[in-house]
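The report below concerns internal cavities, the residues that line them, and one arginine with its contacts. Please read it alongside the sequence and the model.

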Amino acid sequence: MKNIYFILAILVLLTQGCNDFLEPKSQDKVVPKTVSQLRELLLGEIIQNKKDYTEYLSVMTDDFADQDGNQYEYRNQLWGYYTWQREPEEGRDLATRNDEAWSELYHAIFTCNIIIDKTPSMHGTDEEKNQLLAETYFLRAQAYFELINLYGEPYESAEQAEKALGVPINEEITIMDNIYSRETLAKVYAKIESDLHESITRFKNTEWTKNVVHPSLDVAYLFASRLHLYKKEYQSAKNYADSVINNERYQLYDLHTAGLTSYSYFINRNNPEIMFCYGMVSFDFIYNYSSTYATYLVSDKLISLFSNDDLRKTTFWDKNKKPHKFSSTNSQSYGNTYRLSEAYLNRAEALVFLGKWESAITDINTIREKRIKNDYEITATNREDALNKVWEERRRELCFEKHRWFDLRRQGMPELRHIFTNGGSRKEYILPTGSKSYTLPIPKKIREQNKIIVNIERPEQQ
């Protein structure tokens, strides 16, 4: 089958009228005419995007700490993120790391807008169109969700969200030089929820097949559980998690029988709990394999949360404290995943807030049974103790999967401290409780293009 040249096809979609769009243009590029071709476009442009545009998320958290060294300075580009600077794109010693997440995510939204607009006129069955639209609405919702948790104010309550700053909503399908302004947090979350509801409705009209490189109804349910957890709508979060857990299509990965070694990856194509894989996770700027290099490594604070009997200690990072959960070169499995264990974690947290903290601990122990040798069960004495244990297990289970920064934002934005070492000097940087630095500034390049957009001003870091 001919390859679809994704970027050229997008340009044709943008610049041609509907009639011209359906006509073949040349022998060396293929303009999508069928639903299946548009689905490949979606796969190549968004799902299998090889660029990790949020690799800085990990170093902003307490899961990583710096290591000084005498060879090459790999820390400089991410120094602004690691130390929560006012302008984090400005690194150390003139090194910079431009934030591309805003542009990449709005490109994904733009692509989804076009596919949603063009799908009804494409050649294909109603089943194929529903499948494509279900996936596209899901991916657009996911893009807005990432944007709002990177650049929008943290969600505290429905009342606060009515006034809090969100991100722009772009519904264009043509190239236009519009100047966009921020919508409120409430409007953006309403957009996400609307897209996700449309995705679920359309998935229900398609036949389910397990395919981890495309989202599915179960994946949409899991995302809905996460969304409602973030909005503190705990009954809905639990109900959607129930929908994933109760259908028994997926099983937790049993590390006792998985046969994983120190050279194996937890995120792999044989992992039965993986529901959807997308995008790439890269630690290229975070660490280098030589112990003499200055770099960022897994923090001792995170490692201390794992008992010696926890099998995740040998499959989540290596003996040099470098993340080992997945391989960025493994074409069979992309780094960002939706998996069954999150459904248990979401439900456990929701149960605590619904006053059923004993049941929450049962869900946590269900995960721990598959991860820990010998005595895996934990108990809690009260609601507060249960919540802390649920959050600790979430941190352990989902480490390096880009949940931690978003979780910290919704868990009260606690104080964080990072030490930066340089030769004989050590400097401590503090992210205060509730700091505005828990929200990223809009990238400089975007602010230069859009002079009217409101930026959330972070404090100068001392």
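The largest cavity in this predicted model holds about 440 Å³ of space, where a cavity is a set of points, on a 1 Å grid over the protein atoms alone, at which a 1.4 Å probe fits but cannot get out, and a volume is the space filled by probe spheres set on the points, with grid points joined across faces, edges and corners. Local features need pLDDT of at least 70, and side-chain atom pairs count only at pLDDT 80 or more, whereas totals for chains, interfaces and linings use all residues. Residues are numbered from 1 along each chain as its sequence is written, and side-chain values use heavy atoms, with hydrogens and water left out.

By this rule there are five cavities of 30 Å³ or more. The two largest are set out below, with lining residues taken as those having an atom within 4 Å of a point.

| Cavity | Volume | Lining residues | Nearest the centre |
|---|---|---|---|
| Largest | about 440 Å³ | 30 residues | Y53, Q142, E146, Y278 and N336 |
| Second largest | about 70 Å³ | 13 residues | S58, D63, F400, K402 and R404 |

The lining of the largest cavity comprises 14 nonpolar, eight polar and eight charged residues, where Ala, Val, Leu, Ile, Met, Phe, Trp, Tyr, Cys and Pro count as nonpolar, Asp, Glu, Lys and Arg as charged, and the others, Gly among them, as polar. For the second largest cavity, the lining divides into six nonpolar, three polar and four charged residues.

Several elements supply at least two residues each to the lining of the largest cavity, namely α3 (35-47), α5 (101-118), α6 (126-151), α9 (217-230) and β5 (336-339); helices (H or I, at least four residues) and strands (E, at least two) are DSSP runs numbered from the N terminus. Helix α6 gives the largest share of that lining, five residues.

Helix α6 is also the place of R140. With 8% relative accessibility, R140 is buried (under 20% relative accessible area, 1.4 Å probe, protein chains only). The side chain of R140 makes polar contacts (N or O atoms within 3.5 Å, one able to donate a hydrogen and the other to accept it) with the side chain of N113 at 2.7 Å and with that of D195 at 2.7 Å. Leaving aside residues up to four places away in sequence, R140 touches I109, C112, N113, I116, K191 and D195, contact meaning heavy atoms within 4.5 Å.

One of these partners, C112, is buried, at 1% relative accessible area.

Note on methods
Buried < 20%, exposed > 50% of the residue type's maximum accessible area, 1.4 Å probe, protein only. 1 Å grid on protein atoms, 1.4 Å probe; cavity = no way out; pocket = protein on both sides within 12 Å on 5 of 7 lines; lining within 4 Å.
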